[in-house]
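Please go through the structure shown here. The notes after it deal with nonpolar cores and with one strand and its neighbours.

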Amino acid sequence: MGIVDYVLIGLIVGGAFYLLYRSLRKKKGYCHGCTPSGKCK
Amino acid sequence: MTLQNSVRPLPATEPAPLRIAVAGNPNSGKSTLINSLAGTRLHVGNWPGVTVEKREASFERRGERIALVDLPGTYSLSPYTQEEVVARDYLVEERPDVIIDVVDATNLERNLYLTVQLLELEIPVVVALNIHDEAERMGYRIDVTAMERALGVRIVPTVATKGSGLEALLDAATAAAGDPSRHRPRRLHYGGDIEAAAEALMTEVLRGHPDLAGKYPGRWLAFKLLEGDRRVIDEAGLQGIEPLVARAAEHLISAHGEDVESLMADARYARATGLTREVLTKPDVRKIELTEKIDRIALNRFLGIPLFLAAMWLVFKLTFDVSAPFADWLGTVTAGPFTRWTRVLVGLVRGPDWLISLVTEGVIAGVGSVLVFVPVIFAMMFFITFLEGSGYMARAAFVMDRAMHSMGLHGKSFIPMLLGFGCNVPAIYATRTLENPRDKALTALLIPLMSCGARLPVYILFVAAFFPSRSGTVLWSLYVLGIVLAVLMGILFKRTLFRGDSPMFIMELPPYRMPSGKSLAIHTWEKGKHFLIKAGTYILAVSVLVWFLLNLPWGVEQKKDSYMGTVGQAIAPVFKPLGFGTWEAASSLVAGVIAKEIVVGTMGEIYVPGKAEAPAGPAPSLSEDLREIGTSFAEAGKNAFTNVFSTAGIKSLQAEEDEGTTGLRSVVSKTFTPLSAYAFMAFVLLYMPCIVAAAAFKHEFGTWKWFGVAFIYQTILAWSVALLIYQGGTILGIGG
C-alpha cells in the first residue's frame with residue numbers, strides 16, 4: 001500500500017460519505033413523493 | 001397529425017406567453033388529460049410553501065408557446081382544503097390566459113358546481129366534457145350547443161384515455177386566450193338579493209380602494225367578502241371592512257334566514273342543477289351499470305374484505321410470476337459477464353487488487369444484489385397502479401374503512417396507509433389531508449407497518465430461497481401481517497395515546513375504468529424510479545462503506561474479525577431467540593436502517609465469496625457473453641409468460657434450485673431455515689422506519705417525538721412478533 005492507495009481510499013470514502021450526506025440531508029428526491037428540488041409531497 | 005406529433009418541447013429559457021390552467025374535480029380524468037396533452041414534458045414539483053403537487057409543462061404548438069399548469073383536483077374554490085386554496089390563489093393572483101375546466105360527463109351536476117365558480121373569475125374558460133364515451137354508453141345525451149349558450153364558453157367533448165378531442169380542446173383554448181373579450185364567460189345570475197348586495201358592496205369597496213379594481217374581479221371579490229372569506233379579506237388588505245360587509249349582508253340574512261356562505265352555495269348549486277336539467281337527458285329506465293354490478297359484490301359487507309385480500313394475493317402472485325425470471329436473468333448477468341467486464345476494465349487502468357475487490361465484492365455485490373430486484377419492484381408498482389387506475393383501490397379503502405371504523409379507527413386514514421405500499425415517505429406526508437392532528441399522528445405511526453417497495457428485495461430473496469412454490473401466498477401473508485398489526489396497534493393507540501371519536505368518512509367511489517397504457521406507464525415509472533435513484537445514491541454509498549468496514553483493520557483474514565463483524569457479533573445475541581442470531585444477519589439489519597433494500601445489499605457483500613480473483617479457465621469472449629445475455633433474456637421472457645399461466649409456481653426458480661446455483665440465494669438457504677427466514681422477513685417488515693421516513697416524521701410534525709414513538713414501538717413489536725413466529729414455530733415443529 002503506497003501513498004497513492006491511501007489518497008484513493010480517502011477520496012472514495014469521502015465521496016461515499018458526501019453522497020450519503022447529500023442523499024439524506026438534502027433529500028434530493030428519492031421517493032415518488034419527493035421532487036428534485038428536495039421538497040416532498 | 002397526432003397531438004404528440006404536433007407539439008414540441010419548449011426550451012426552458014424561453015418565456016411562455018400563453019398560460020393555460022387545467023382545473024377540475026378529482027376523478028374527472030384530469031390527470032389522464034394532462035398526461036395526454038403534455039406527456040413526458042410534465043415537470044412535477046410542489047406549489048410554493050405547501051406540499052401539494054404542482055405539475056406543469058411548457059411546449060410549442062403550431063408556432064405558439066404554451067405553458068400548461070395542472071391545478072390540484074377540487075370540488076370547489078372555497079378555502080377549506082390546501083388544494084382549494086392553491087387552485088384559487090393561482091387563478092386569482094396569476095390570472096392565466098385561459099382555464100381548461102375538465103368536467104366528468106357522467107357526473108355533470110357535481111362537476112358543474114366548480115365550473116360555476118370558475119366563471120365568476122371572469123377568465124376565459126373552455127370546458128373539456130371528458131369521459132364523453134362512457135356517458136354515451138350510459139345512455140346520457142348532453143346538448144353541447146345548449147350548454148355553450150348557457151355558460152358562454154366553448155364545450156369540447158373529450159375522451160382523455162383515448163386522446164380524443166384534445167386537438168380541438170387546445171384549438172378552443174388558444175382561440176379563447178387570443179380574444180378574451182369575445183370569450184368572456186356569461187355572468188350567471190344568483191338571484192336579485194344576492195346580486196344587489198354584491199353590487200352595493202362592490203361599489204362601496206371600490207370607492208375606498210380603487211386599486212383593487214384591477215387586481216380582483218369585482219363581483220367575485222364582493223361574493224367572497226359577503227361570505228366572510230378571511231383569506232381574501234387579509235390578502236386584499238381589507239382588514240376592518242367587516243362592519244360594511246355586515247351591513248350589506250344584513251338584508252340577505254334577514255330575508256333568507258341563512259348565513260351568506262350557505263346562501264351562496266345554494267345559489268351556485270341551483271345554477272349547476274338547473275343547467276344539468278336543461279342540457280342532460282338520461283334514459284327513462286336506467287340500466288344497471290357495470291360499476292354498480294361489480295360494486296354489489298366488491299362492496300358487499302361479507303365479501304368485500306375477502307375479495308380485497310384475494311385481489312392482493314393475485315397482485316403478489318402475478319408480480320412474482322412475471323418478474324422472477326427477469327430478476328434471475330439480471331442476477332446472472334450481474335454476477336457473470338458484468339463482473340468479468342468490470343474486472344477487466346479495472347485491470348486495464350492497473351487498479352490495485354483492493355480496488356478490484358472494492359468494485360466487484362463491494363459495489364457490484366452490494367448495488368447489484370439490490371438492482372436485480374428492479375423487475376420485481378416495477379411489476380409490483382404496475383399492478384398497484386392498475387388497481388388504482390381501475391377504481392378498485394378506492395373500493396379497498398372503502399371496504400377497509402368499514403372494518404377499521406368498527407374498531408374505533410379513523411376510516412380516512414386508510415388512504416395514506418394504502419400509499420404506504422409504494423413508499424412510506426409520501427404516505428407520511430399524505431397524512432396532512434387529515435384534519436384532526438391526533439388522527440394525523442396516529443395514521444403516521446401506523447404507516448411504517450404498511451410494507452413498502454423497499455422491503456420487497458428482502459422478501460423476494462428469502463421467498464425464492466425457501467418458498468418458491470408458495471411465493472405469492474408467503475408474500476401476501478407478510479403484507480396482511482402488516483395490515484393486521486396496524487389495525488391492532490391502531491386500537492391500542494386509540495385506547496391509550498389517542499382517545500376520542502373518529503369523524504365520519506365520506507369517500508367518492510369513481511366508476512370502474514380500464515386505465516390507459518400511457519397512464520399506467522407514467523405512474524408505474526413515477527412510483528418505481530425512486531428505487532433506481534436510491535440504488536445509485538444511498539445503496540452505492542453504503543455498499544462502499546460496508547466494504548471498508550468488512551475489510552478493516554486492513555488485511556483482516558476473516559470477515560467476522562472485521563469492524564463490521566465485531567459490531568455484528570456484539571449485537572447478534574439479541575437476535576438469537578428470533579432464529580437469526582448471526583453476525584451477518586445482525587450487521588445487515590443495522591445497515592438496513594438507512595434504507596431497507598440495503599439489508600440485501602449488505603448480505604450480498606458479506607455472504608458472496610470473494611470474486612477479486614479471476615476464475616480459473618478461459619473466460620468467454622465479449623460476443624459469447626452478449627449472445628448469452630440475449631439468449632437468457634429471451635428465456636426469461638418465455639419463463640415469465642409460462643409462469644403466469646402455470647399453477648405450479650415459479651418454474652425458473654425451482655429449476656435453478658435443482659441445479660444447485662451458487663450466489664446469495666444459495667448461501668441464504670444454507671444459513672437460515674424456512675422458519676427463521678420467515679421470522680427475519682417479519683422483522684424487516686416491522687422494525688424501525690428507514691432514515692428518510694424518520695426525516696419525514698420530523699418534517700411533517702416539526703418534532704422528533706412521533707418518530708421516537710414509532711422507533712420504540714416498532715422495535716419492540718418487530719422483536720416480539722419475530723420471537724413469536726420463531727419460538728411458536730419451533731414448539732409446533734413447523735419449518736425448523
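The points below cover numbering, the cores and strand pairing.

This is a predicted model, in which local features need pLDDT of at least 70, side-chain atom pairs count only at pLDDT 80 or more, and totals for chains, interfaces and linings use all residues. Residues are numbered from 1 along each chain as its sequence is written, while chains are lettered from A and ligands numbered from 1 in the order in which they are written.

**Nonpolar cores**
- The largest nonpolar core (buried Ala, Val, Leu, Ile, Met, Phe, Trp, Tyr and Cys residues joined through C-beta atoms within 7 Å) has 138 residues.
- Among the members that touch the most others are B:Phe462, B:Phe680 and B:Met681.
- Helix 23 of chain B (residues 517–551; helices are DSSP runs of H or I, at least four residues, and strands runs of E, at least two, numbered from the N terminus) gives the most to this core, with 13 residues.
- A second, separate core has 80 residues, including B:Val126 and B:Leu263.

**Strand 7 of chain B**
- Six of the six residues of strand 7 (residues 125–130) are buried (20 or more other C-beta atoms within 10 Å of their own, C-beta atoms being placed from the backbone), so the strand is largely enclosed by the rest of the structure.
- B:Val125, B:Val127 and B:Leu129 point one way, and B:Val126, B:Ala128 and B:Asn130 the other.

**Neighbouring strands**
- Strand 6 (residues 98–104) of chain B pairs with strand 7 of chain B (pairing needs at least two DSSP bridges) in the parallel sense over six bridges.
- Strand 9 (residues 154–157) of chain B runs parallel to strand 7 of chain B, joined by four bridges.
- B:Leu129 stands opposite B:Val103 and also opposite B:Pro157 in strand 9 of chain B.

Technical notes
A residue is buried if 20 or more other C-beta atoms lie within 10 Å of its own, exposed if 12 or fewer, and partly exposed in between; C-beta atoms are placed from the backbone.
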